[in-house]
Amino acid sequence: MGRMDRIADPWGSRTPYGPGEAWPTRVDSYLADGLTAEQVDRWVPTASILHSNGDAMDIAVKDGRIVGVRGRADDRVNHGRLDPKDLFGWQANGSPDRLTRPLVRIDGELTETDWDTAMRRIVSRTRELLDEQGPSALGFYTTGQLFLEEYYTLAVIARGGLGTPHLDGNTRLCTATAAAALKESFACDGQPGSYTDIDHADVIALFGHNMAETQPVLWSRVLDRLAGPTPPAVVCVDPRPSPVARKATVHLAPRPGTNLALMNGLLHEVVAGGHIDREYIDAHTVGYDELEQRVKEYPPERVSEICDVPAEEIRRAARILGGAERLLSTVLQGFYQSHQATAAAVQVNNLHLIRGMLGEPGRGVLQMNGQPSAQNTRECGADGDLPGFRNWADDSQVADLAELWNVEPLQIPHYGPPTHAMQMMRYVENGSIRMLWVTGTNPAVSLPELSRVRSLLSQDRLFLVVQDLFLTETAHLADVVLPAATWGEKTGSFTNADRTVHLSEKAVDPPGEARPDLDIFLDYATRMQLSDRSDKPLVKWHDPESAFEAWKECSRGRPCDYTGITYAGLRERGGIQWPCDEEHPDGTERLYGGGHFWSDPDHCESYGRDLVTGAPLEPDEYRALNPDGKAVIRAAAYLPAHEQTSDDYPLLLITGRTLYHFHTRTKTARAPQLQSAAPRMWVELSAADAEAEGVTEGDLVEVTTPRGSVRAAARLTDIRDGVVFLPFHYGYWDTDAGHEPGGAPRAANELTLTDWDPASKQPLFKTAAAGVRLVARQDAPAPAPTTTASAPRSAGVPPTVGGTPAEVHEEDRSRPYSSSGDRS
């Protein structure tokens, strides 16, 4: 990347191109310690583990340690480009506060021990609970950052070995609605579109998706189209003035919680204007008549009143969407984490179905993911689904999986929907789940209503196992802590948001006694003596490649078919899109071409749910609705959100990301450039709302909801009036000053409510009622901190990060990009 400042300019230099052309190559790189490429001992292929884009890169290794990265020029995803988290985030691997030995709680304190002692404790408690209560006592809560091989192994252990229905991932917080929306429309998960659709589209619509900060390299691709000949029009739906909004042809900023009404209004105009493909609708869909009748109830004037968006802007956006020859739509957390999430996201699918825009270049939908391997949790069954996109409500598909694993079908829990994460936490709270194994995630910061979450995770009756890289806020509450290896320290594959599979090779050894997650799961399965019905080991693989081969057999014949992919092929070719099989040996760029769907009643992954109640449709209901396996157009009416504003709480709180951090900063805050770019939480307000409270830029303010309060500096932007924004990354530790508990909490989720979408079960982080008040002027001494939310127990704060950071070029120390944050 030369000496360009990639903190101040996250998207790098422009390489303009036109419609139908290949995206030009631009190779980005960063090496620490003043090294040159010639001084690197070796380069090891991988892809990014700090977002869902799947940017392919090589890891630079010198003297047995990671010293930098460079983009892979020949990869289909990024064509050599890297974003700031790619360029600098790897430094967390070498952080001096990595966990290096297992810990067990003795007399209330976490104490270092050996692996045998730690694993014996876990196995002993597992067996005790199985004897006392059965599989329902056991819960597993995993991440969106492991490898495919690890997710599949965990799913086999939990479902086929232990028989527990309680297995889900923190992908429930970021991508559950993506999966649910795809299942509602197509009866199966899997992104219809491809990143290459950006190369062809004449209209790009981003619904609640601040691509510029969630997927900066993909946004670079859009920027290059905008800089080239015949740029596409851009429609943006977001209440905040994001970088996407500033480039948009039309920016719609609806009141949070009203996305479904807005989508119904847009569809009203598309239908009324005759911008539909009636031949496609009749040949390839069911349910259109209901949609046509429903959207008649949402003329722009009514939608304007609900959403507080000018009616003419709704009409203008609809004319662009309806007039597109090649429409690409993307959706993310602005829809997924808001009221009526699945219903709103489904309407984006409906837009493409009624316009016949699927399966061709530039005509596609991307129901995006938030995490790097979120797609794999869904494919492998580590997120509340069954492996291979199998239907838990179809006995024949369950029997097929049981035959593959050589277990009895009744061993695989399918008497009801698998337990979702929020319900699992309720079971922990009421004492039904008595052992919870948390892998690679930090629910003590990331889940809603943190006072409640800390309380339930701190229960004496809960045996909490945490498997992670660092002593996170959650790990401090654990009974056993297992040190895990991470990206660059182990081998495995993972799949990005447009179904591109990459292989990540081991570059260096993990620190101390840290182990790959796959090795930990295999060790647990062996110690538990989990067996099949032939009394042979249930888990029959021993390393990443043999686990991948086992997964391929699980995927055979299913929509996410990997049988044509091998480690050797991934090493030779780089990213490959599934399905990849005998029929599609080079992978599949787009799904549903020619109106062919995986929605046949005897083959589909899901029969769908009621969008209002979340109740699953019965097999006979689905068969009667869709006997011929077409796409399903599902309509829905807007309903007000559960929590409304009031005199005490006149604003609506939304939370989201900043470009420079990932999840709860366990990695990114340990990269000096990223941490200095966004070192602390802020409160984003409109100028009008700030003036009403006497607040100016930089003042210390307090945000309060019925659940608690947090304090941070005010940032005044063009966010729509009536909305307050907080980034969710920040918890109870500080890489600069070693923050200790007892002061005002800084985690945004002190304020969010325990509520979720009825269909996807995704928590709603964007509908809380809130109030803001001035605490202190920017130039005045801050008062002593106070809090209305309970503080974490004394062990709940990781130590300050120490050590010497890698050398940073002077240009990387300059001002951070000023518009950080998004709705996802």
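**Exercise 1. A loop threonine**

Is Thr472 buried or exposed? Work that out, then place the residue in the fold.

*Solution.* A reminder before starting: this is a predicted model.

- Step 1: take the relative accessible area of Thr472, which is 2%.
- Step 2: the cut-off for buried is under 20%, so Thr472 is buried.
- Step 3: find the segment. Thr472 sits in the loop that links strand 16 (463–468) and strand 17 (480–483).
- Step 4: try a distance. From Thr472 to Ile122 the C-alpha to C-alpha separation is 20 Å, with the two positions 350 residues apart in sequence.

**Exercise 2. Is the chain a globule?**

Compare the radius of gyration of the protein chain with what a compact globule would have.

*Solution.*

- Step 1: for 824 residues, the globule estimate is near 28 Å.
- Step 2: the protein chain comes out at 25 Å, so the value agrees with the estimate.
- Step 3: look at the extents. The C-alpha trace spans about 70 × 70 × 60 Å along its principal axes.
- Step 4: check burial. Of the 824 residues, 68% are buried.
- Step 5: check how contacts spread along the sequence. Taking contacts between residues at least 6 apart, 76% join residues at least 24 apart.
- Step 6: count the elements. The protein chain has 25 helices and 27 strands.

**Exercise 3. Helix 11 and its partners**

Describe how helix 11 (residues 300–307) packs against helix 8 (residues 259–272), then do the job again for helix 12 (residues 311–323).

*Solution, helix 8.*

- Step 1: get the geometry. The two axes come within 9 Å and cross at roughly 165 degrees.
- Step 2: name the arrangement. Angles over 145 degrees count as roughly antiparallel, so helix 8 is roughly antiparallel to helix 11.
- Step 3: give the hand. Helix 8 and helix 11 cross in a left-handed way.
- Step 4: list who touches whom. Helix 8 brings Ala261, Leu262, Gly265, His268 and Glu269, while helix 11 brings Pro300, Val303, Ile306 and Cys307.
- Step 5: sort those residues by class. The contact of helix 8 with helix 11 has 6 nonpolar, 2 polar and 1 charged.

*Solution, helix 12.*

- Step 1: here the axes of helix 11 and helix 12 are 8 Å apart, at an angle of about 115 degrees.
- Step 2: the crossing of helix 11 with helix 12 is right-handed.
- Step 3: on the helix 11 side you find Pro300, Glu301, Val303 and Ser304, and they meet Ala311, Ile314 and Arg315 of helix 12.
- Step 4: the class tally for helix 11 with helix 12 is 4 nonpolar, 1 polar and 2 charged.

**Exercise 4. Backbone oddities**

Which peptide bond is cis, with omega near 0 degrees? Then deal with the positive phi values of Phe389 and Arg665.

*Solution.*

- Step 1: the cis bond runs from Trp578 to Pro579.
- Step 2: locate Pro579. That residue falls in the loop between strand 20 (576–577) and helix 23 (619–625).
- Step 3: turn to Phe389. Phi is about 55 degrees, positive even though Phe389 is not a glycine.
- Step 4: place Phe389 in the loop between helix 15 (374–380) and helix 16 (395–405). With a relative accessible area of 0%, Phe389 is buried.
- Step 5: now Arg665, another residue other than glycine with a positive phi, near 70 degrees.
- Step 6: Arg665 belongs to the loop between strand 22 (651–656) and helix 24 (672–677). Its relative accessible area is 1%, so Arg665 is buried.

**Exercise 5. Two loop residues and their neighbours**

Which residues does Asn369 touch, not counting residues up to four places away in sequence? Repeat for Arg634.

*Solution.*

- Step 1: Asn369 is in the loop between strand 14 (364–367) and helix 15.
- Step 2: at 2% relative accessibility, Asn369 is buried.
- Step 3: its contacts are Ser52, Thr175, Ala178, Gln191, Leu332, Ala374, Gln375, Arg378, Asn496 and Ala497.
- Step 4: for a distance, take Asn369 and Leu130: 35 Å between C-alpha atoms and 239 residues along the sequence.
- Step 5: Arg634 is in the loop between strand 21 (631–632) and strand 22.
- Step 6: Arg634 has 11% relative accessibility, which means it counts as buried.
- Step 7: the residues touching Arg634 include Glu184, Val346, Gln347, Asn350, Tyr607 and Tyr622.

Conventions: Residues numbered from 1 in each chain as written. Predicted model: local features only at pLDDT ≥ 70, side-chain atom pairs only at ≥ 80, totals over all residues. Heavy atoms only, no water. Axes fitted to C-alpha atoms, helices over the stretch in contact; angles between N-to-C directions. Helix = DSSP H or I, 4+ residues; strand = E, 2+ residues; numbered from the N terminus. Parallel < 35°, antiparallel > 145°, perpendicular 65-115°, else oblique. Left-handed = near helix turned anticlockwise from the far one by under 90°. Contact = heavy atoms within 4.5 Å. Nonpolar A, V, L, I, M, F, W, Y, C, P; charged D, E, K, R; others polar. Rg over C-alpha atoms; globule rule 2.2 N^0.38 Å. Buried < 20%, exposed > 50% of the residue type's maximum accessible area, 1.4 Å probe, protein only.
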